[in-house]
Amino acid sequence: MARAATSVRDALDSALIPLTAAGCENPRLDAEVLLAAAMGVDRPWLIVNSREGVPGPAARVFMDFVRRRREREPVAYITGIKGFRHIDLAVDRRVLIPRPETEFVVEAALKLPQGARVIDVGTGSGAIALALKHERPDLDVVATDVSADALDVARHNALRLGLRVGFVQTDLWGDLEADAIVSNPPYVEAGERLMPDVALFEPHGALFAGADGLDVIRRLVSAPVRFLALEHGQGQADPIEALLRGAGFTTVDRIRDLAGIERVTVAHR
Ligand SMILES: C[S@@+](CC[C@H](N)C(=O)[O-])C[C@H]1O[C@@H](n2cnc3c(N)ncnc32)[C@H](O)[C@@H]1O
């Protein structure tokens, strides 16, 4: 007699113990996202159809996904996709996984004047540049990165999304000219202990920036632009504001994330 397929609910329940034991912070959410990806459905479908059977091939893919997550591989690298503002970005281990707090950098840049020239420095997956172009097609957006691997991912995302953004492999802004720079640069202090998901899987060149985490930002503030929007770490807003004012920026606004932590600084001159 053929064995009945495992139900959606049972498949999700079976993943909870190993994911919890592995130290995953949101085991239920992780299991839902991974099962939805394995079955080619969305999460609401799983909730409405929790008694449905999981087809054999999808169940095997799900088991492999859960094994990878138990080793703390981030969910976005397993599914290969991450939502950012109103777009979905393809991601893999060559790029940082876009974070929700980075959406504030895009939001700040939405106020730029019509047709402004903008550089996204350290574009990674293309997150900031592509989300901005998607929401403000009038802007002239160029994205840079030192990593050729990251630029491959970003170019692939631009093609997938049909967004016209230029890509340049260079240190910071190279010899490009612009009205504005937006950036989520590396800003983690050398030696800082990170969650295994980050430390073991995300590219270290995207994370670390010297003893105080400010090595890249110290150079970024000298950019010859009228507008600069930077993401940074908790506790870095004071030294960054001092650096910006020292570089001649006259207006400096500090933006808090949803947890109330200052994570983005926006400067004008
Ligand atoms: C924190 S990640 C941000 C990626 C993407 N902007 C995002 O928010 O998801 C920083 C990126 O900056 C790049 N990077 C590091 N140093 C750089 C430099 N000096 N010039 C240009 N890009 C740099 C890294 O390769 C990495 O892709």
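Val8, Ala11, Leu12, Asp13, Ala15, Leu16, Leu19 and Thr20 of helix H1 come into contact with Pro27, Arg28, Asp30, Ala31, Glu32, Leu35 and Met39 of helix H2. By residue type, this H1–H2 contact comprises 10 nonpolar, one polar and four charged residues. The model is predicted, and what follows looks at H1 with its two helix partners, then at what UniProt has to say about residues further along the chain.

**H1 against H2**

- Helix H2 covers residues 27-39, and H1 packs on H2 at an angle of about 130°, the two axes being 9 Å apart.
- H1 and H2 are therefore oblique to each other, since an angle of this kind falls outside the ranges for roughly parallel (under 35 degrees), roughly perpendicular (65 to 115) and roughly antiparallel (over 145).
- The crossing of H1 past H2 is right-handed.

**H1 against H4**

- H1 (residues 8-21) also packs with H4 (residues 56-70), here at an angle of about 20° and with 10 Å between the axes.
- That angle makes H1 roughly parallel to H4, because the cut-off for this class is under 35 degrees.
- H1 and H4, too, cross in a right-handed sense.
- On the H1 side the contact is made by Ala11, Ala15, Pro18 and Leu19, and on the H4 side by Phe62, Val66, Arg69 and Arg70.
- Six of the residues in the H1–H4 contact are nonpolar, none is polar and two are charged.
- Ala11, Ala15 and Leu19 are worth a look on screen: they meet H2 residues and also appear in the contact with H4.

**The binding site listed by UniProt**

- An unreviewed UniProt entry gives Gly122, Thr123, Gly124, Ser125, Gly126, Asp145 and Asn184 under "binding site".
- These residues are spread over 63 residues of sequence, yet they cluster in space, with a largest C-alpha distance of 11.5 Å.
- Among the listed residues, Asn184 belongs to the lining of the largest pocket.
- To find Thr123, go to the loop that lies between strand S3 (117-121) and helix H7 (127-135).

**The annotated domain**

- The unreviewed UniProt entry also carries the annotation "domain: Methyltransferase small", which covers residues 110-191.
- Within residues 110-191, helix accounts for 28% and strand for 23%, and the C-alpha atoms at the two ends of the span lie 35 Å apart.

Note on methods. Residues are numbered from 1 along each chain as its sequence is written. This is a predicted model: local features need pLDDT of at least 70, side-chain atom pairs count only at pLDDT 80 or more; totals for chains, interfaces and linings use all residues. Side-chain values use heavy atoms; hydrogens and water are left out. Axes are lines fitted to C-alpha atoms, for helices over the stretch in contact, and angles run from 0 to 180 degrees between N-to-C directions. Helices (H or I, at least four residues) and strands (E, at least two) are DSSP runs, numbered from the N terminus. A crossing is left-handed if the near helix is turned anticlockwise from the far one by less than a right angle, and right-handed if clockwise. Contact means heavy atoms within 4.5 Å. Ala, Val, Leu, Ile, Met, Phe, Trp, Tyr, Cys and Pro count as nonpolar, Asp, Glu, Lys and Arg as charged, and the others, Gly among them, as polar. UniProt positions are given in the numbering used here, feature names are shortened, and annotations may be inferred rather than shown by experiment. On a 1 Å grid over the protein atoms alone, a cavity is a set of points where a 1.4 Å probe fits but cannot get out, and a pocket is an open set with protein on both sides within 12 Å along at least five of seven lines; lining residues have an atom within 4 Å of a point.
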